[in-house]
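Got your viewer open and a selection box ready? Here is a walk through one model, stop by stop.

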Amino acid sequence: MQYHKYYRKIICQLKGNKTYYLFNHIETTNLYPSNKYKDFSNLSKVNFWKNDYNLYPNFKHANYIQINISEGQVLSIPPYWWYASESSDINISLEINYDNFLNLISFTGNCINHFSHKLGITQNFNCVCCE
């Protein structure tokens, strides 16, 4: 599971079906946020598909919305909403990350850090790619 701070994710389902599980940001404490970073995403320690309730007992209290999207439908996920997705068959989805001008201004420092890391100028040992 993951969430994004700065942009709205728009998913266009081009072929097949997909199911999304959305958690409101108020569920964050039940989702055990990880301190790992991956391409502007914040990750959860919980494996939505194989959860260990002994390790993450509060996850059983987390409420979510299940949304099934089919070919031709569009789903918008707001910033700070956690999500996981599942494909039920062969499908093609187009994901668009939408920013507005004010988001871009507040996000500039993180963009510089991200791209300098991807170019090998800086190294972040707390990200998924540097494990």
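The tour goes from a sheet to aromatic rings, then to the nonpolar cores and a few single residues. Keep in mind that this is a predicted model.

**Stop 1: the sheet**

Start by selecting strands E7, E2 and E9. They make up an open sheet of 3 strands, in the order E7-E2-E9, with antiparallel pairing. Look at residues 74–77 for E7 and 92–98 for E9: these two strands stand at the edges with a single partner strand each, so one side of each has no neighbour in the sheet. From one strand to the next, the twist averages 20 degrees.

Now zoom in on E2, residues 8–15, and its pairing with E9, which is antiparallel and runs over 7 bridges. Two places to label here: Lys9, which sits opposite Asn97 of E9, and Ile11, which sits opposite Glu95 of E9. Swing round to E7, which also runs antiparallel to E2 and is joined to E2 by 4 bridges. On that side, pick Ile10 and you'll find Ser76 of E7 opposite.

**Stop 2: Cys12, on strand E2**

Stay on E2 and select Cys12. Is Cys12 buried or exposed? Its relative accessibility is 17%, so Cys12 counts as buried; the cut-off for buried is under 20%. Show what surrounds Cys12: leaving out residues up to four places away in sequence, Cys12 touches Gln73, Val74, Ile92, Ser93, Leu94 and Ile96. Draw a C-alpha to C-alpha distance from Cys12 to Ile96 and you should get 8.1 Å, for residues that are 84 apart in sequence.

**Stop 3: Gly16, in the next loop**

Move along to Gly16, in the loop between E2 and E3. Gly16 is buried too, with a relative accessible area of 12%. Not counting residues up to four places away in sequence, the contacts of Gly16 are Ile69, Ser70, Glu71, Asp89, Ile90 and Asn91. Between the C-alpha atoms of Gly16 and Ile69 there are 8.6 Å, with their positions 53 residues apart along the chain.

**Stop 4: the aromatic rings**

Colour the aromatic residues next. There are 13 aromatic pairs in the structure. Take Tyr32 and Tyr56 to begin with: their ring centres are 4.9 Å apart and their planes are at 55 degrees, so this pair is tilted. Tyr32 belongs to the loop between E3 (18–23) and E4 (33–38), and Tyr56 to the loop between E5 (41–44) and E6 (65–69), so the pair ties together parts 24 residues apart in sequence. Both Tyr32 and Tyr56 are buried.

Then try Phe48 and Trp49. Here the centres are 4.7 Å apart and the planes are at 90 degrees, so the pair is edge-to-face. Check the accessibility of each: Phe48 counts as buried at 14%, whereas Trp49 is partly exposed at 44%.

Which residues do ring pairs link into a cluster? Select Tyr21, Phe23, Phe48, Trp49, Tyr53, Phe59 and Tyr64 to see it.

**Stop 5: the nonpolar cores**

A word of background: nonpolar side chains tend to be buried together in soluble globular proteins. The largest nonpolar core in this model has 13 residues, and the members that touch the most others are Met1, Phe23, Leu31, Val46, Phe48, Phe59 and Trp82. E3 and E8 (82–87) are the elements that give two or more residues to this core.

Put Met1 in the centre of the view. Neighbours within four places in sequence aside, Met1 is in contact with Phe23, Leu31, Asn42, Leu43, Ser44, Val46, Phe48, Phe59, Trp82, Tyr83 and Ala84. Then hide that core and bring up a second, separate one of 8 residues, with Ile11, Leu22, Ile69 and Trp81 among them.

**Stop 6: two positive phi values**

Most residues other than glycine have a negative phi. Go back to Tyr32, in the loop between E3 and E4: its phi is positive, near 50 degrees. Tyr32 counts as buried at 19% relative accessibility. Finish on Tyr80, in the loop between E7 and E8. Tyr80 is not a glycine either, yet has a positive phi of about 75 degrees. At 39% relative accessibility, Tyr80 counts as partly exposed.

Definitions and conventions
Residues are numbered from 1 along each chain as its sequence is written. This is a predicted model: local features need pLDDT of at least 70, side-chain atom pairs count only at pLDDT 80 or more; totals for chains, interfaces and linings use all residues. Side-chain values use heavy atoms; hydrogens and water are left out. Two strands pair if DSSP finds at least two bridges between them. Axes are lines fitted to C-alpha atoms, for helices over the stretch in contact, and angles run from 0 to 180 degrees between N-to-C directions. Rings of Phe, Tyr and Trp (its six-membered ring) pair if their centres lie within 6.5 Å; planes under 30 degrees apart count as stacked, over 60 as edge-to-face and the rest as tilted. Buried means under 20% relative accessible area, exposed over 50%, partly exposed in between (1.4 Å probe, protein chains only). A nonpolar core is a set of buried Ala, Val, Leu, Ile, Met, Phe, Trp, Tyr and Cys residues joined through side-chain atoms within 4.5 Å. Contact means heavy atoms within 4.5 Å.
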